[in-house]
Amino acid sequence: MKCKICKGEVYITIKYPKMALCKEHFIEYFEKRVKKTIKKYEMIKPEDKVLIAISGGKDGAVVTYVLKKLGYNVECLHINLGIGEFSKKSLECVKKQTSYIGVRCHIVDLKELTGKGIPEVKSRKPKCSICGTAKRYIVSKFACDNGFNVIVTGHNLDDEASFILNNVMNWSTGYLARQGPILPQKGKLPKKVKPLYELTEEEISSYAEVVGLEVFSEKCPFAKKAITLEYKEMLNKIEETRPGTKYRFVIGYLKNRHLFEKEIEDIPLMECKICGMPSSGEVCSFCRTWELKEEIDLKVKG
Ligand SMILES: [Zn+2]
Ligand SMILES: [Zn+2]
């Protein structure tokens, strides 16, 4: 097989739409897809100040690389979660990636800031759920404190398909009403967008490799095998004989999402009395879990 466009040496065979591409034309294809996704869902405007949360993994690094190349005003945020060697290696990789891309990277050290990293926090909730709360909170608070109006995450087609499938399997209609490529701005909380929404994990890994991005792929020691990982494997198996299944599933979901709309509970958001961030109770779940007495200040000095 030869590259569909230039007949040169094939680097990757994309499964859906099926086509073989050389390195150069794969890069072009990938960046066009990101651009199209941003436009289709009206994700980012040229004047936006964009914050990207990165952990060292392929998705955050690739979305940063492409958005920077497309000329957006982007900066990165890495949260050091204080999980021993895992966090150390993840931080080293983030530093390499952001200096390679040439983008400013802010680092928030959870333990330095609050006295407790993820391992030290006491809670009955599973570690992954606490960690998720902490990451979402810090990214939002950092964005608010420093005037970012768009938060970008690296979620891809595989993440979205497995997430939707999981919510269908559990009939979590509340989640099914809210999932999607953009989460609009709500009160203080900036808009959240996913520019890699229509790209597969395989395409993202291949792109990272072809543009020379080093990626950190170790799993967190606290991570249990999530059911969504099993769904990803299942969906990839179906994809082998039925190319386009994942894409049709996700796009079909977006077309039918309105069917779940009445499941959206409009819980009025209060302000956390400690940090002032939106909260469903008097004290937000981050301030509560970390037993904070005063607001953490994430404003960048200088
Ligand atoms: Zn080519
Ligand atoms: Zn709070």
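1. A residue counts as buried when its relative accessible area is under 20%, and Cys 284, at 5% relative accessibility, therefore belongs to the buried class. This is a statement about a predicted model, and the points below should be read with that in mind.

2. Cys 284 sits in the loop between strand E10 (278-279) and helix H11 (285-289). Leaving aside residues up to four places away in sequence, Cys 284 touches Tyr 137, Cys 272, Cys 275, Pro 278 and Ser 279, so that two other cysteines are among its contacts.

3. Cys 287, by comparison, lies in helix H11 and is likewise buried, with a relative accessible area of 2%. With residues up to four places away in sequence again not counted, Cys 287 touches Tyr 137, Cys 272, Ile 274, Cys 275 and Leu 292. Tyr 137 thus appears in the contact list of Cys 284 and also in that of Cys 287.

4. An unreviewed UniProt entry places the feature "binding site" at Cys 272, Cys 275, Cys 284 and Cys 287. These four positions span 16 residues in sequence, yet no two of their C-alpha atoms are more than 8.3 Å apart, so they gather at one spot in the model. The annotation comes from the record, whereas the clustering is computed from the coordinates.

5. The protein chain is divided into domain 1 (45-265) and domain 2 (270-296), and the C-alpha centres of the two domains lie 23 Å apart. Across the boundary, 18 residues of domain 1 are in contact with 15 residues of domain 2. Together the two domains bury about 1,400 Å² between them, of which 71% is on carbon and sulfur atoms. On the side of domain 1, Tyr 137, Lys 141 and Lys 188 lose the most area to domain 2, and together they account for 40% of what that side buries.

6. The zinc ion (ligand 1) is coordinated by Cys 3 (SG), Cys 6 (SG), Cys 22 (SG) and His 25 (ND1), at 2.0 to 2.3 Å. The angles among the 4 donor atoms run from 98 to 115°, and the site of the zinc ion (ligand 1) is tetrahedral. For reference, the ideal angle for four tetrahedral donors is 109.5 degrees. Along the chain, the donors of the zinc ion (ligand 1) follow the spacing C-x2-C-x15-C-x2-H.

7. Among these donors, Cys 6 and Cys 22 link distant parts of the chain, being 16 residues apart: Cys 6 is in the segment before strand E1 (12-14), and Cys 22 is in the loop between strand E2 (19-21) and helix H1 (23-40). Their accessibility should be described separately, since Cys 6 counts as partly exposed at 39% relative accessibility, while Cys 22 is buried, with a relative accessible area of 8%.

8. The UniProt annotation "domain: tRNA(Ile)-lysidine/2-thiocytidine synthase N-terminal", again from an unreviewed entry, covers residues 49-215. Over residues 49-215 the chain is 50% helix and 16% strand, and the end C-alpha atoms are 25 Å apart.

9. His 78 is placed in strand E4 (residues 73-80) and is buried, with a relative accessible area of 2%. Not counting residues up to four places away in sequence, the contacts of His 78 include Ile 54, Ser 55, Ser 90, Leu 91 and Val 94, as well as Cys 105, His 106, Ile 107 and Val 108.

How values were computed: Residues are numbered from 1 along each chain as its sequence is written. Chains are lettered from A and ligands numbered from 1 in the order in which they are written. This is a predicted model: local features need pLDDT of at least 70, side-chain atom pairs count only at pLDDT 80 or more; totals for chains, interfaces and linings use all residues. Side-chain values use heavy atoms; hydrogens and water are left out. Donors are N, O and S atoms within 2.8 Å of the metal (3.2 Å for Na, K and Ca); water is not among the atoms, so sites may look incomplete. Four donors count as tetrahedral if all angles lie between 85 and 135 degrees; four count as square planar and six as octahedral if opposite donors are over 155 degrees apart and all others between 65 and 115; anything else is irregular. Helices (H or I, at least four residues) and strands (E, at least two) are DSSP runs, numbered from the N terminus. Buried means under 20% relative accessible area, exposed over 50%, partly exposed in between (1.4 Å probe, protein chains only). UniProt positions are given in the numbering used here, feature names are shortened, and annotations may be inferred rather than shown by experiment. Domain bounds come from an automatic or database domain assignment. Contact means heavy atoms within 4.5 Å. Buried area is the accessible area (1.4 Å probe) that two parts lose on being put together, summed over both.
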